[in-house]
Amino acid sequence: MINSSAGDRPAIEVRGLRVSRGGRPVLHGLDLTVPRGSVTGLLGPSGCGKTTLLRAVVGVQRTEGGEVSVLGLPAGSAALRSRVGYVTQSPSVYGDLTVAQNLRYFARVLGAPQDDPARVVAEVGLDGREHDLVARLSGGQRARVSLAAALLGTPELLVLDEPTVGLDPLLRQELWALFHRLAAAGTTFLVSSHVMDEAARCTRLLLMRDGRLLAEDSPQGLLERTGAVDVEDAFLALVGEAAR
Ligand SMILES: Nc1ncnc2c1ncn2[C@@H]1O[C@H](COP(=O)(O)OP(=O)(O)OP(=O)(O)O)[C@@H](O)[C@H]1O
């Protein structure tokens, strides 16, 4: 049983999490924590179970065992709805509405402040595109509209599934800078990626492979522990260690 008061708890605590999908075990008893105010990267190869873990954190994944606690409450609790933002891999905004119409709609659903749409448009760098239909935007722009929608209401935890896929390097850099700015103000980020070079941008890393956690550490701590030159190298060293 995970206990102690909500305020001093990590943003996310996972204990013994087991999940099967399509009749096959996908997560094999994961234990991990995500500290509040961190920018935690969830890294691992395609198919290792990153999305499944994120779905369990936001409470939309059927689980077979273990516990997932988010901001001191069981994952998926109704009280977490406005406190946790989730951006899936496929854009979750309406193509036949403009950027501004989408954001006004989601702001109303969430009960976010009236001026929030303008704030989040600026944060994701979409100024000037407010009146464009989402269907006419590029893939990267559409992804940023989804991110903007998740920022409405200033949630305490943002769970982002590969938010930088398909974005140009400059935009990727800007988005990571945004994550760090918001984290400095207290927001927690859990961001998945299968691109190891994004690891250096995180304050903390969860390295996953085949539904198991290989490491939970800071980028620096990981390199020191494995003697590796970069996170990709550290990942390979840990895979080798696990196989021995
Ligand atoms: N709807 C589903 N039904 C059955 N199996 C699924 C389903 N979705 C995912 N899986 C399986 O669960 C495993 C983990 O998938 P998951 O999407 O969590 O991986 P991932 O690490 O997020 O991959 P990627 O980086 O490619 O998004 C994979 O073996 C996948 O085939």
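**Exercise 1. In what order do the six strands of the open sheet stand, and what is the pairing?**

Some ground rules come with the solution. This is a predicted model: local features need pLDDT of at least 70, side-chain atom pairs count only at pLDDT 80 or more, and totals for chains, interfaces and linings use all residues. Residues are numbered from 1 along each chain as its sequence is written.

Step 1. Fix the terms. Helices (H or I, at least four residues) and strands (E, at least two) are DSSP runs, numbered from the N terminus. Two strands pair if DSSP finds at least two bridges between them.

Step 2. Read the order. It is β6-β7-β8-β3-β9-β10, with mixed pairing.

Step 3. Find the edges. β6 (84-87) and β10 (212-217) each pair on one side only.

Step 4. Check the twist. Neighbouring strands of this sheet are turned by 15° against each other on average, direction ignored. Axes here are lines fitted to C-alpha atoms, for helices over the stretch in contact, and angles run from 0 to 180 degrees between N-to-C directions.

**Exercise 2. Trace the parallel pairs from β6 to β3.**

Step 1. Start at β6. Four bridges join β6 to β7 in parallel. G85 stands opposite L158 in β7.

Step 2. Go on to β8. β7 and β8 run parallel, joined by five bridges. D161 has S192 in β8 as its bridge partner.

Step 3. Finish at β3. Strands β3 (residues 39-43) and β8 (residues 188-193) also pair in the parallel sense, over five bridges. Here G41 faces V191 of β8.

**Exercise 3. Explain why β7 counts as largely enclosed.**

Step 1. Define burial. A residue is buried if 20 or more other C-beta atoms lie within 10 Å of its own, exposed if 12 or fewer, and partly exposed in between; C-beta atoms are placed from the backbone.

Step 2. Count. Five of the five residues of β7 (residues 157-161) are buried, so the strand is largely enclosed by the rest of the structure.

Step 3. Sort the sides. L157, V159 and D161 point one way, L158 and L160 the other, and all are buried.

**Exercise 4. Describe the antiparallel sheet and its helix.**

Step 1. Give the order. Four strands form an open sheet, β2-β1-β4-β5, with antiparallel pairing. Its edge strands are β2 (24-34) and β5 (73-74).

Step 2. Look at one pair. β4 (residues 65-70) and β5 run antiparallel and share two bridges. V70 has L73 in β5 as its bridge partner.

Step 3. Add the helix. Helix α1 (residues 50-57) packs on the sheet and touches β1 (12-21), β2 and β4. Its direction makes about 120° with that of β1. Contact means that the C-beta atoms of two residues, placed from the backbone, lie within 7 Å.

**Exercise 5. Test the length of α2, then find its buried side.**

Step 1. Compute the span. The rule is 1.5 Å times one less than the number of residues. For the 12 residues of α2 (residues 99-110) that should give 16 Å; the end C-alpha atoms are 17 Å apart, which agrees.

Step 2. List the buried residues. They are V99, N102, L103 and F106. They cover an arc of only 90° around the axis, which puts them on the same side of α2. The arc is that of the directions from the helix axis to the C-beta atoms.

Step 3. Name the partners. The buried residues of α2 pack against α3 (116-123) and α4 (139-151).

Step 4. Look past the end. Just after α2, G111 takes a positive phi of about 70°.
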